[in-house]
Amino acid sequence: QVQLVESGGGLVQAGGSLGLSCVASGRTFSNYAMGWFRQAPGKEREFVAAISWGDGRTYYVDSVKGRFTISRDNTKNTVYLQMNSLKPEDTAVYYCAADRQTYYSSVSTYSSDYDYWGQGTQVTVSS
């Protein structure tokens, strides 16, 4: 089992920045690819960003490229999502998730591939 706890959400004006953190406990964090997803009211959960466990390879949905940065610190069992130039359409509940990947450089954009999920943290961007 892996337990994930997100923090760092809040209310910010458009153009502002927020940093999210997700702390993992339980099984070996360094063996899991990590992802961030988000879900806005009335919409399906969507992929935002992911980072591999072995070489730090990252992948982003097009709508956040150049604005969001995912990173991880295996010594702290933590994955981060730095969000800059926020837009009202970024408003959602943000979830981190862990994916037990065999290959050190793999990441997945599919929520069904992820084995463990956090409880989510609300991000609200006002216009």
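Trainee: Are Cys22 and Cys96 buried or exposed?

Mentor: This is a predicted model, where local features need pLDDT of at least 70, side-chain atom pairs count only at pLDDT 80 or more, and totals for chains, interfaces and linings use all residues. Residues are numbered from 1 along each chain as its sequence is written, and side-chain values use heavy atoms, with hydrogens and water left out. Buried means under 20% relative accessible area, exposed over 50%, and partly exposed in between (1.4 Å probe, protein chains only). For Cys22 and Cys96 alike, the word is buried.

Trainee: Which residue does a disulfide join to Cys22?

Mentor: A disulfide is a pair of cysteine sulfur atoms within 2.5 Å. Here the S to S distance is 1.9 Å, and the partner of Cys22 is Cys96.

Trainee: How far apart in sequence are the parts that this pair ties together?

Mentor: Strands are DSSP runs of at least two E residues, numbered from the N terminus. Cys22 lies in strand E3 and Cys96 in strand E9, so the parts they tie together are apart in sequence by 74 residues.

Trainee: What is the handedness of the disulfide?

Mentor: Look at the torsion about the S-S bond of Cys22 and Cys96. That torsion is about 45°, so the disulfide is right-handed.

Trainee: Which residue in E8 stands opposite Leu20?

Mentor: Two strands pair if DSSP finds at least two bridges between them. E3 and E8 do so in the antiparallel sense, over six bridges. Opposite Leu20, in E8, stands Leu81.

Key
Helices (H or I, at least four residues) and strands (E, at least two) are DSSP runs, numbered from the N terminus.
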